[in-house]
Amino acid sequence: WSDSADVKNAFLRKKQENPALWNDMKIYIDVGTEDEFGYLEQNREFRDALTQKSVALTYDEYGPTGALAAGHSDQLFARLKRIIKFHSDNLERPDGPTPQ
């Protein structure tokens, strides 16, 4: 998500080209505070850039829990539950909105 990777800039350029496209978009980002690939800072930069452009998102940083670290692949099952719940709450069924 860093400037050098150009993903952030491409995303923001698309938003500028067609602002209405993003009105109903739901974005979920999670990252461990001990991520071994450096994704924590990149995700923070991406979150900040989206927030500055008024793009709504759900952002979650998770720390170590008990004996589990907070790296890229740690706590996968706990995170997966939250991710699936987010999508379940925010994605429309092909046959219409999900009943609430």
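Asn 43 is buried in this predicted model, with a relative accessible area of 7%. The residue is placed in helix 2, and its side chain reaches back to the backbone oxygen of Tyr 39 at a distance of 2.7 Å. Tyr 39 takes part in a further polar contact through its backbone nitrogen, which lies 3.2 Å from a polar atom of the side chain of Asp 35.

Asp 35 itself is found in the loop that runs between strand 1 (28-32) and helix 2 (39-52). The side chain of Asp 35 also reaches the backbone nitrogen of Phe 37, at 2.9 Å. Although buried, Asp 35 has no salt bridge. The nearest side chain of opposite charge is that of Arg 79, at 7.3 Å; because a salt bridge requires a nitrogen-oxygen distance within 4 Å, this separation does not qualify. The contacts described here for the Asp 35 side chain are thus with backbone nitrogens, those of Phe 37 and Tyr 39.

The overall architecture provides the setting for these contacts. The secondary structure of the protein chain comprises 3 helices and 2 strands, and from the N terminus the elements follow the order α-β-α-β-α. Of the 100 residues in the chain, 27% count as buried. The mean pLDDT of the chain is 82, and 89% of the residues reach 70 or more. Confidence is not uniform along the chain: the lowest value belongs to helix 1 (residues 7-17), with a mean of 78, and the highest to strand 2 (residues 58-62), at 93.

Gly 32 belongs to strand 1. This glycine counts as buried because its relative accessible area is 0%. Its C-alpha lies 4.9 Å from that of Tyr 62, although the two residues are 30 positions apart in sequence.

Charged side chains pair at several places in the model. A search of the whole structure finds 8 salt bridges. Glu 41, Arg 44, Arg 47, Asp 48 and Glu 61 are linked in a network of such interactions. Within this network, Glu 41 forms a salt bridge with Arg 44, and the closest N and O atoms are 3.0 Å apart. Both residues lie in helix 2, where a spacing of 3 residues corresponds to about one turn of the helix. Glu 41 counts as partly exposed because its relative accessible area is 45%, and Arg 44 falls in this class with a relative accessibility of 26%.

Arg 44 also forms a salt bridge with Glu 61, for which the closest N and O atoms are 2.7 Å apart. This pair links distant parts of the chain, as Arg 44 is in helix 2 whereas Glu 61 is in strand 2, 17 residues away. Glu 61 is partly exposed, with a relative accessible area of 27%. A further salt bridge in the network joins the side chains of Arg 47 and Asp 48, with an N to O distance of 3.0 Å. Both partners are partly exposed: Arg 47 has a relative accessibility of 23%, and Asp 48 a relative accessible area of 37%.

Between helix 2 and strand 2 lies a loop that contains Ser 54. The phi angle of Ser 54 is near 60°, a positive value in a residue other than glycine. Ser 54 counts as exposed because its relative accessibility is 65%, in contrast to Asn 43, which is buried at 7%.

A nonpolar patch is present on the surface, formed by Phe 77, Leu 80 and Ile 84. Together these residues present about 340 Å² of accessible area. Leu 80 lies in helix 3, which spans residues 76-90. With a relative accessibility of 38%, Leu 80 counts as partly exposed.

Note on methods
Residues are numbered from 1 along each chain as its sequence is written. This is a predicted model: local features need pLDDT of at least 70, side-chain atom pairs count only at pLDDT 80 or more; totals for chains, interfaces and linings use all residues. Side-chain values use heavy atoms; hydrogens and water are left out. Patches are made of residues with over 30% relative accessible area and no salt bridge: like charges are joined within 9 Å, nonpolar side chains (Val, Leu, Ile, Met, Phe, Trp, Tyr) within 5 Å. Accessible areas come from the Shrake-Rupley method with a 1.4 Å probe; for residues, only the protein chains shown count as cover. Helices (H or I, at least four residues) and strands (E, at least two) are DSSP runs, numbered from the N terminus. Buried means under 20% relative accessible area, exposed over 50%, partly exposed in between (1.4 Å probe, protein chains only). pLDDT is the predictor's confidence in each residue, from 0 to 100. Lys and Arg count as positive and Asp and Glu as negative; His and the chain ends are not counted. A polar contact is a pair of N or O atoms within 3.5 Å; within protein, one must be able to donate a hydrogen and the other to accept it, and residues adjacent in sequence count only if both atoms are side-chain atoms.
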